[in-house]
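Hi,

Here is the model we talked about, sequence and structure together. Have a look, and then read on for what turned up.

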Amino acid sequence: MARDIGLEELLREELGTVSGLSEKPMFGGLAFLLDGNLLCGARQDGMLIRLGKGNDGWALDLPGAAQMLSGGRAMHGWVRVGAEIYGDDNIRRHLLEAAIAFVRSLPAK
């Protein structure tokens, strides 16, 4: 799967001041890690966002949002959103803030 360079740059801009952030090629795109834990990702088919099990219901209610699948298995707590969602600055920020809050609750790796 080809990477989405534009989405990668958008996420870099949005996450630029977050301490402990790193990047790694994963999921057929580019993953962003926070203190070694997966936070979000950019792929050609959209943005992946880690909200945590039980924290993702509101995001899955967004029109066009879907649970992330890996090898046909549902990845509970992970949501995939397309450009119609991540292109909205307020929604994207809300998703990223929720993801940061969840991932910060995890022990650093």
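Below are some notes on the packing and on two helices.

It's a predicted model, so local features need pLDDT of at least 70 and side-chain atom pairs count only at pLDDT 80 or more, while totals for chains, interfaces and linings use all residues. Numbering runs from 1 along each chain as its sequence is written, and side-chain values use heavy atoms, leaving out hydrogens and water.

The largest nonpolar core (buried Ala, Val, Leu, Ile, Met, Phe, Trp, Tyr and Cys joined through side-chain atoms within 4.5 Å; buried is under 20% relative accessible area and exposed over 50%, with a 1.4 Å probe and protein chains only) has 26 residues, of which Leu11, Leu15 and Ile49 touch the most other members. Helix 4 (89–104) is its biggest contributor, with six residues. Helices here are DSSP runs (H or I, at least four residues), as are strands (E, at least two), numbered from the N terminus.

Helix 1 (5–15) buries Leu7, Glu8, Leu11 and Leu15. Those buried residues fall within a 105° arc down the helix axis (taken from the directions to the C-beta atoms), so they line one face. Ile5, Gly6 and Glu13 are exposed on the face turned away.

Arginine 92 sits in helix 4 and counts as buried because its relative accessibility is 2%. Its contacts (heavy atoms within 4.5 Å) include Leu10, Glu14 and Tyr86, leaving aside neighbours within four places in sequence.

Cheers
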